[in-house]
Amino acid sequence: MTSPAVLVGVGGVLGAIARHLVGARIETDTADTCAVNVLGSAALGLLVTVPIGSGLTSVFATGFCGAFTTFSSFAFETIRLYETGRRRRAIANAVGTLSAALVGVALGAGVGHALGAVL
């Protein structure tokens, strides 16, 4: 039996690598952060609604999604925009990212519930 901490760690490594790859493809100051937060939220919504077992939940929901998403970077970038005088952009970033992440988790959960009904 593999330790839950090891499973979370394996998922975290994979999530961090995926996060880096997305950031390398989207080279704007906040779009990459928004993209990973929305995608990760959708994935988490899906993963917590589909019965995949505690081991896979540790790897993908806790580890992968935890390392893939980056709400600390989102907070830092939003504050940086505000402090540099781009206040409308900061507000748009905050409202847009959080709204899109909530929609993402709802869509992911909806897909998960639909899959759960089929499985």
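I'll go through one long-numbered stretch, helix α5, then the contact of α2 with α4, and then two positions flagged in UniProt. Keep in mind that this is a predicted model.

Start with α5, residues 87-118. With 32 residues at 1.5 Å a residue, the helix should span 46 Å, and its end C-alpha atoms are 46 Å apart, so the two values agree.

Which residues of α5 are buried? They are A90, N93, T97, A101, G104, G108, A109 and G112. As for the spacing, an α-helix has 3.6 residues a turn, so residues three or four places apart point the same way. The buried residues of α5 pack against α2, residues 31-47, and α4, residues 71-83.

Now those two partners. The axes of α2 and α4 come within 9 Å and cross at roughly 145°, and the crossing is left-handed. From α2, the residues in the contact are T33, N37 and S41; from α4, they are F71, S73, F74 and E77. By type, that contact divides into 2 nonpolar, 4 polar and 1 charged.

Last, the annotation. UniProt, in an unreviewed entry, places a "binding site" feature at G66 and T69. Where do they sit? G66 is in helix α3, residues 54-68, while T69 is in the loop between α3 and α4. Buried or exposed? G66 has a relative accessible area of 47%, so it counts as partly exposed. T69 is at 17%, and buried means under 20%, so T69 is buried. Leaving out residues up to four places away in sequence, T69 touches V36, N37, G40 and S41. Of these, N37 and S41 are also among the α2 residues that meet α4.

Note on methods:
Residues are numbered from 1 along each chain as its sequence is written. This is a predicted model: local features need pLDDT of at least 70, side-chain atom pairs count only at pLDDT 80 or more; totals for chains, interfaces and linings use all residues. Side-chain values use heavy atoms; hydrogens and water are left out. Helices (H or I, at least four residues) and strands (E, at least two) are DSSP runs, numbered from the N terminus. The expected span of a helix is 1.5 Å times one less than its number of residues. Buried means under 20% relative accessible area, exposed over 50%, partly exposed in between (1.4 Å probe, protein chains only). Contact means heavy atoms within 4.5 Å. Axes are lines fitted to C-alpha atoms, for helices over the stretch in contact, and angles run from 0 to 180 degrees between N-to-C directions. A crossing is left-handed if the near helix is turned anticlockwise from the far one by less than a right angle, and right-handed if clockwise. Ala, Val, Leu, Ile, Met, Phe, Trp, Tyr, Cys and Pro count as nonpolar, Asp, Glu, Lys and Arg as charged, and the others, Gly among them, as polar. UniProt positions are given in the numbering used here, feature names are shortened, and annotations may be inferred rather than shown by experiment.
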